[in-house]
Amino acid sequence: MTMPDVSTSQALQLWCAQSGERDLIVRARSAAGTAQSVGQAFAIGVQAAIAHLTRNRYSDSLCAVAVSEDTGNHPRQMQCTLSAGQVLQGHKSFVTLGQSARVLLVLARDSEGVLRMASLLREQPGVQVRPLPALDFVP
């Protein structure tokens, strides 16, 4: 049996379309079953992990985790800050699926130096997503 060509975007759209399915294993298996590459299956797996960690808060939206900064991605190198008023300040240098995601989960340091994850919508005022040159996700 030949599988139809499915883009990463289409595979991730299938993930979102199944947001009514509360069993994340069933949902991930169904969406990943359309995957044409390890990269597509990995992207769906990341969405399942995010759905689990956020208790399905964003289950109908694509999410991206923003960690990498110009200084690196090690926690000690994080310079992005989150104020007590929940205002993010900083820059992330690379966010996998950042252009496709509706929700960005941003790792930032609070006023006490503790790393926190803040969520924001990509369309929010003040958020800028700039495309980088195309890269192969995973062959």
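Strands here are DSSP runs of E with at least two residues, numbered from the N terminus. With that in hand, let's work through some exercises on this predicted model.

**Exercise 1. Place Arg-116 in the fold and decide whether Arg-116 is buried, partly exposed or exposed.**

Solution. Start with the secondary structure: Arg-116 belongs to strand β5, which spans residues 115-121. Next, take the relative accessible area, which is 42% for Arg-116. Buried would need a value under 20% and exposed a value over 50%. Arg-116 is therefore partly exposed, given its 42%.

**Exercise 2. Find the residues that Arg-116 touches, and pick out a polar partner for its side chain.**

Solution. Leave aside residues up to four places away in sequence; Arg-116 then touches Leu-82, Val-106, Leu-107, Ala-108 and Asp-110. Now look at the side chains: those of Arg-116 and Asp-110 make a polar contact at 3.0 Å. For a sense of distance, compare Ala-101, which is 15 residues from Arg-116 in sequence and 20 Å away in space, C-alpha to C-alpha.

**Exercise 3. Count the cavities of 30 Å³ or more, then describe the lining of the largest cavity.**

Solution. The count comes to 1 cavity. The space in the largest cavity is about 30 Å³. Its lining consists of Trp-15, Gln-47, Ile-50, Ala-51, Tyr-58, Ser-59, Ser-61 and Cys-63. Sort these by class and you get 5 nonpolar residues, 3 polar and no charged. Finally, ask which element contributes most to this lining: helix α3 (residues 38-53) does, with 3 residues.

**Exercise 4. Take Ser-61 from that lining and work out its surroundings.**

Solution. First locate Ser-61: it sits in the loop between α3 and β1 (63-66). Then judge its burial. Ser-61 has a relative accessibility of 5%, so it counts as buried. Two polar contacts of its side chain can be checked next. One goes to the side chain of Asp-60, at 3.3 Å. Another, of 2.9 Å, joins Ser-61 to the side chain of Arg-102. Arg-102 also appears among the residues that Ser-61 touches, together with Cys-16, Gln-47 and Val-103, when residues up to four places away in sequence are not counted.

**Exercise 5. Describe the largest pocket by volume, lining and contributing elements.**

Solution. Begin with the volume, about 1200 Å³. The lining holds 39 residues, and Phe-94, Val-95, Gly-98, Gln-99 and Val-129 lie nearest the centre of the pocket. The elements giving two or more residues to this lining are β3 (88-89), β4 (103-109) and β5. The most, 3 residues, come from β5, the strand that also holds Arg-116. By class, the lining splits into 21 nonpolar, 14 polar and 4 charged residues.

**Exercise 6. Repeat the description for the second largest pocket.**

Solution. The volume of the second largest pocket is about 180 Å³. Its lining has 14 residues, with Val-46, Ala-64, Val-65, Val-95 and Thr-96 closest to the centre. The elements that supply two or more residues are α3 and β1, and α3 has the largest share with 4 residues. In this lining, 11 residues are nonpolar, 3 are polar and none is charged. One residue is worth marking in your viewer: Val-95 is listed nearest the centre of the largest pocket and also closest to the centre of the second largest.

Notes
Residues numbered from 1 in each chain as written. Predicted model: local features only at pLDDT ≥ 70, side-chain atom pairs only at ≥ 80, totals over all residues. Heavy atoms only, no water. Buried < 20%, exposed > 50% of the residue type's maximum accessible area, 1.4 Å probe, protein only. Contact = heavy atoms within 4.5 Å. Polar contact = N/O pair within 3.5 Å; in protein donor to acceptor, adjacent residues only side chain to side chain. 1 Å grid on protein atoms, 1.4 Å probe; cavity = no way out; pocket = protein on both sides within 12 Å on 5 of 7 lines; lining within 4 Å. Points joined across faces, edges and corners; volume = space filled by probe spheres on them. Nonpolar A, V, L, I, M, F, W, Y, C, P; charged D, E, K, R; others polar.
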